[in-house]
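Welcome to a short guided tour. Open the structure in your viewer, and keep the selection tool at hand.

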Amino acid sequence: MIFDYMFNPPGLAGVQTTMAEGILCMFAFVFALLFALSMHEYAHAFVAYKCGDNTAALYGRLTVNPLKHIDYFGALMLFLVGFGWAKPVPVNFNNLKHRKRDSVFVSLAGIFANILLAFVFTGLWMLITTFVPAGFLAENRFVYMLVYLVYYFLLFSILLNIGLALFNILPLYPLDGYRVLEVFFGGENKVTAFLRQYSFIIFVVIIIWNYIPIFSPFDWYITTLRDLLLNVFTGFWGLFGLV
């Protein structure tokens, strides 16, 4: 996925792209990926801590340091197919002050963090598109490269954070959506038991299906809701004169 950007980098302000832009695109994507993953897991750890469980803190996971959260296979999947995951934060749900309610809060914290980040980054990205003159960028190579890096970091951050949120809300084990189902129906429920047993196979089917040139329900789901959220975010920031 990202290698397409590296060898065929997108342009900015009508400037002819080179390998330098491809390298910057690679850095922008990696930084955006690490930040999105680490903030997702930090949100789980932070909410769990506030709700009475310090397990994540004891394991050194109450941090935004990406090295503490990265799941290398999950990150590789983001590189290759556009969706993936980080290393799940350890939570002892028995320690939560209000177990059922707080379990839902903890499970959804990462998703809300990603949506919030995408919302804020959309505003920052639109600031650049609105107030940075294209002619000025074309005349100053150093400023152009700096703005290029920030521009695509923000753009990739928007897309990755939305993608992570939409992926993690799926009711597949061990994703956050499954944890919410488990809170309400229990691990021994027929549906949750089935999903726990067969989610890996469903993941494999989703991945393979993405490479087959036929209609993909997963692709449709991600694209449709991502575009809907982007329209909401850009519409909001547009009220302040950003375009």
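Which helix gives the largest share of the lining of the largest pocket? Bear in mind as you look that this is a predicted model. Select helix 9, residues 190-210: this helix supplies 5 residues, the largest share of the lining.

**The pocket**

Now show the largest pocket, which holds about 500 Å³ of space. Helix 2, helix 5, helix 7, helix 8 and helix 9 each give two or more residues to its lining. To find the middle, select Ala86, Pro88, Pro174, Leu175 and Arg179, which lie nearest the centre among the 25 lining residues. Try colouring the lining by class: you should get 17 nonpolar, 5 polar and 3 charged residues.

**A serine in helix 9**

Next, select Ser199, which lies in helix 9. Is Ser199 buried or exposed? Ser199 counts as buried because its relative accessibility is 1%, and the cut-off for buried is under 20%. Now draw a distance from the side chain of Ser199 to the backbone nitrogen of Tyr173; the viewer should give 2.9 Å. Beyond its neighbours within four places in sequence, Ser199 is in contact with Leu172 and Tyr173.

**On to helix 8**

Move to helix 8, residues 176-185, and pick out its buried residues: Asp176, Gly177, Tyr178 and Val180. Which helices do these buried residues pack against? Show helix 2 (19-50), helix 5 (99-131), helix 7 (141-168) and helix 9 to see these partners.

For a last stop, select Gly186, just after helix 8, where phi is positive at about 85°.

Terms used: Residues numbered from 1 in each chain as written. Predicted model: local features only at pLDDT ≥ 70, side-chain atom pairs only at ≥ 80, totals over all residues. Heavy atoms only, no water. Helix = DSSP H or I, 4+ residues; strand = E, 2+ residues; numbered from the N terminus. Buried < 20%, exposed > 50% of the residue type's maximum accessible area, 1.4 Å probe, protein only. Polar contact = N/O pair within 3.5 Å; in protein donor to acceptor, adjacent residues only side chain to side chain. Contact = heavy atoms within 4.5 Å. 1 Å grid on protein atoms, 1.4 Å probe; cavity = no way out; pocket = protein on both sides within 12 Å on 5 of 7 lines; lining within 4 Å. Points joined across faces, edges and corners; volume = space filled by probe spheres on them. Nonpolar A, V, L, I, M, F, W, Y, C, P; charged D, E, K, R; others polar.
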